[in-house]
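Dear colleague,

Please find below the structure we discussed handing over. My notes on it follow directly after.

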Amino acid sequence: MTSPLRRHRMIKIVATLGPSSSSYEMIRALFEAGADVFRLNMSHGTHDEIAARHAIIRQIEVDLGRPIAILADLQGPKLRVGTFAEPSVELEEGQSFRLDLDEADGDATRVNLPHPEIFKALEPGEDLLVNDGKIRLRVNTCGPDFADCTVTVGGTISNRKGVNVPGVVLPLAALSDKDRADLEFVCRLGVDWLALSFVQRASDVTEARELIQGRAAIISKIEKPAAVKAFEEILAVSDGIMVARGDLGVELPVQNVPPIQKRLVRRTRAAAKPVIVATQMLESMIESPMPTRAEVSDVATAIYEGADAIMLSAESAAGQYPIEAVTTMNNVAIEVESDPTYIEIIDSSRKVNHYTIADGMVAAARELAEKTDIAAICCFTESGTTANLVARERPHVPIIAITPIQPVARRLALVWGVHCETITGDVERFKKAVINAVRVARKYGFATEKDQILVTAGIPFNQPGTTNILRVAPCAEHLIMTGEPE
């Protein structure tokens, strides 16, 4: 079956599934509207619900003949205050307020904070943020079981509101007991990407990798100031990055977030790893069929920066207009990527030193494609590395990744500009590989018989990391049969 679902944009769209998007019909409609990756949020939903959504995605994959990536997002340790005797209390600016380990219900003077590790790490002068930063507390004195604070920003506080500690690297593991159980569950289920929340240091990622044992690729969520400071080390041990702007905007001054976003996107791109920009991208579409102009501009900014993917959270998981939200992202992406300024920005941001043969090959492929009449770059890949390197170049033409390994095709569905195709059968001979490439290019409308494509591969086949050949191939098969070497 010839699928009509070729994307006419380079950036990918991640859609979170939830109560508004849990049926076969809705998830398929979201994919047809433009979602390339589906996010399963482990903070919400039972294992049975997660398994049901996973099964639906895999059925849609079979029905439409397209690889679909599934991203499971672990909750991470959640820091929360305890309960109050009243439904809520008001904290006034300038008043004193105590956090402690006493499990008794709180009042306007104190509340339980059942996290002794926070008290161990606190020092006078630190700030504590409650309820997404709506309430701010300055620590005056503290000990192993308490912190006496002054309220610097007042407001209403109620049961189990979240607590952020922006200025401290907390002695907390990135994986809670719940995360460990969820990790094993989704790895056995067969997800493609695993997102780690609350990453503070590279060791958080390596700990998770030992548990994953190669069953999924790792996305590190950058949502803590400590993660920003340790970003280079975290990037080195991660397979991809998510710029989680929501918590970053709580724990850092909001004006700091845009330059951090730009820096993290560029550094991740330079490392040839996918980067997702996430949180509140089309927030108003939870309740409105139309986004605000500011939200559209926000989405466009991430596209201009060259991010691999942009993500919908509650908009598609719990909102009233999930299909409209995906459609809006898709339309904005198509419009931005057709802007000549977009090409200028992407080209000017391409600053990579090429040290390996594979780096040089993909750089040459991109330059040749842009300066001649090449319709697409097609790469054969066993591990996905070649496709990631080609995508790092951000070429002006589509990228077709052909692989015999289905999990690799699924993971590449997250990567900028990559159209994935899984093949079976004998591709031991280069001529056969080229024929496969031009057939895929024609099948999805990337090229016609009159066009030419670039083919990159490694000889001998089936050995990851051996990209060493670049060939211009005509899309007319009779010319391949008579003119290509074996």
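Arg394, which follows helix 15, has a positive phi, near 50°. Please bear in mind that this is a predicted model, and that the values in this message are computed from it.

Helix 15 itself spans residues 385-392. Seven of its eight residues are buried, so the helix is largely enclosed by the rest of the structure. The buried residues are Thr386, Ala387, Asn388, Leu389, Val390, Ala391 and Arg392.

The helix also leads to the question of internal space. A search of the whole structure finds one cavity of 30 Å³ or more, and the largest cavity holds about 40 Å³ of space. Which residues line the largest cavity? They are Arg269, Ala272, Lys273, Pro274, Asp308, Asn388, Ala391, Arg392, Arg394 and Val415. Helix 15 supplies the largest share of this lining, with three residues. Asn388, Ala391 and Arg392 thus appear in the lining and also among the buried residues of helix 15. Arg394, the residue with the positive phi, is likewise one of the lining residues.

By character, the lining of the largest cavity comprises five charged residues, four nonpolar and one polar. Two domains contribute to the lining of the largest cavity: domain 1 (12-76 + 175-341) and domain 3 (352-482) each provide at least three residues.

Turning to the strands, I would draw your attention to strand 20 (residues 452-458), where six of the seven residues are buried, leaving the strand mostly covered. Strand 20 pairs with strand 17 (residues 374-380) in the parallel sense, over four bridges; here Ile374 has Gln452 of strand 20 as its bridge partner. Strand 20 also pairs with strand 21 (residues 467-474), in the antiparallel sense and over seven bridges. In that pairing, Ile453 is matched with Ala473 of strand 21.

Elsewhere, an open sheet of six strands has the order 6-5-9-8-7-11, with mixed pairing. Its edges are strand 6 (110-112) and strand 11 (163-164), each of which pairs on one side only. Within the order, strand 5 (residues 96-100) and strand 9 (residues 146-153) run antiparallel and are joined by five bridges. Asp100 stands opposite Phe146 of strand 9.

I would be grateful for your comments once you have had the opportunity to examine the model.

With kind regards

Key: Residues are numbered from 1 along each chain as its sequence is written. This is a predicted model: local features need pLDDT of at least 70, side-chain atom pairs count only at pLDDT 80 or more; totals for chains, interfaces and linings use all residues. Side-chain values use heavy atoms; hydrogens and water are left out. On a 1 Å grid over the protein atoms alone, a cavity is a set of points where a 1.4 Å probe fits but cannot get out, and a pocket is an open set with protein on both sides within 12 Å along at least five of seven lines; lining residues have an atom within 4 Å of a point. Grid points are joined across faces, edges and corners, and a volume is the space filled by probe spheres set on the points. Helices (H or I, at least four residues) and strands (E, at least two) are DSSP runs, numbered from the N terminus. Ala, Val, Leu, Ile, Met, Phe, Trp, Tyr, Cys and Pro count as nonpolar, Asp, Glu, Lys and Arg as charged, and the others, Gly among them, as polar. Domain bounds come from an automatic or database domain assignment. Buried means under 20% relative accessible area, exposed over 50%, partly exposed in between (1.4 Å probe, protein chains only). Two strands pair if DSSP finds at least two bridges between them.
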